[in-house]
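Okay, thanks for coming, everyone. I've got a few minutes on pockets and one helix, so let me put the structure up.

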Amino acid sequence: MSPALFQLIVLAAIAIFLILKLKSVLGTREGYEDEPMPVEAPGPRAADRFEVIEGGPDHDIIDHVPEGSDAAVALAQMKRVEPSFNVGAFLQGSKVAYEMILMAFERGDLSAVRRFLAPEVLEAFETAVADRQRQGLTVEASFLGLRELVLTEASFNESSREAEVTVRFGGELISVARDANGQIVEGDPKAPRKQRDSWTFARVMGSSDPNWQLVATGG
């Protein structure tokens with residue numbers, strides 16, 4: 001036997017031995033086998049699957065009145081009837097109305113604010129102005145600013161759609177009443193007077209008239 005042939009036989013024997021050894025270790029694929037399960041791609045993280053819950057607290061309401069209070073419920077009903085209604089904007093408007101109406105009353109000229117006053121309030125203001133005039137009194141007044149603006153109550157009548165909102169105002173003004181001779185009978189031109197009022201405004205929600213009317217006043 002030539003050396004080359006002998007070497008070939010030895011190599012073949014080694015190869016057969018390695019194949020048999022691998023079979024004993026790894027086994028063979030025989031018969032039915034389950035298909036390999038696909039590896040599921042990792043899903044989105046919990047934070048990515050988080051959905052924003054609609055209909056949460058309305059901060060335009062709860063920034064001004066306690067959540068769940070009667071006032072909060074009433075304000076929410078107003079918004080359902082008139083979605084454009086905004087509590088913050090209403091309060092800013094009431095601030096302007098307060099200064100305008102208060103100064104008109106102090107100076108005794110209600111002509112510019114009549115449409116903002118309910119008949120009963122207008123009558124009461126006109127009576128007070130007329131009493132001052134009969135006494136020969138004139139009033140000089142200037143508004144210095146508002147120190148307090150708080151929505152205290154709100155109510156809504158679903159059948160009539162009439163809304164009422166009560167606001168507490170705390171302001172400062174200088175008001176001086178003089179008699180027919182120009183003598184000061186009330187007030188001090190150099191000392192501000194604190195003024196605190198609780199006013200109730202009313203309006204039919206959803207109506208074409210955007211103006212609220214002052215329907216009640218209190219201290």
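**Two pockets and a helix**

Let's start with the second largest pocket: α4 and β2, the strand at 162-178, each supply at least two residues of its lining. Before we go further, keep in mind that this is a predicted model.

So, which element gives the most to the lining of that second largest pocket? It's β2, with 3 residues. If you want to click through the whole lining, here it is: F105, E106, R132, L137, V139, S175, V176, A177, E186, G187 and R193. By type, the lining of this pocket divides into 5 nonpolar, 2 polar and 4 charged residues. The volume of the second largest pocket comes out at about 180 Å³.

Okay, now the largest pocket. For this one the volume is about 290 Å³. Two elements give two or more residues to its lining, namely α4 (87-107) and β4 (193-204). The largest share comes from α4, with 7 residues. In total, 18 residues line the largest pocket, and F90, G93, P210, N211 and W212 lie nearest its centre. What about the split into nonpolar, polar and charged residues here? We get 11 nonpolar, 5 polar and 2 charged in the lining of the largest pocket.

Now to the helix, and that's α5. It runs over residues 119-134, so to speak, with 16 residues in the helix. From first C-alpha to last, α5 reaches 22 Å, close to the 22 Å expected at 1.5 Å a residue.

Which residues of α5 are buried? Those are V121, L122, F125, V129 and R132. They sit on the same side of α5, because they cover an arc of only 100° around the axis. The textbook background is that an α-helix has 3.6 residues a turn, so residues three or four places apart point the same way.

You've met R132 already, by the way: this buried residue of α5 is also in the lining of the second largest pocket.

And what do the buried residues of α5 pack against? They pack against α4, β1 (138-157) and β5 (213-218). Flip to the other side of α5, and you'll find P119, E120, E123 and R134 exposed.

One last stop, just after α5: G136 takes a positive phi there, of about 75°.

That's what I have, so over to you for questions.

Notes
Residues numbered from 1 in each chain as written. Predicted model: local features only at pLDDT ≥ 70, side-chain atom pairs only at ≥ 80, totals over all residues. Heavy atoms only, no water. 1 Å grid on protein atoms, 1.4 Å probe; cavity = no way out; pocket = protein on both sides within 12 Å on 5 of 7 lines; lining within 4 Å. Points joined across faces, edges and corners; volume = space filled by probe spheres on them. Helix = DSSP H or I, 4+ residues; strand = E, 2+ residues; numbered from the N terminus. Nonpolar A, V, L, I, M, F, W, Y, C, P; charged D, E, K, R; others polar. Expected span 1.5 Å × (residues − 1). Buried < 20%, exposed > 50% of the residue type's maximum accessible area, 1.4 Å probe, protein only. Arc of directions from axis to C-beta. Contact = heavy atoms within 4.5 Å.
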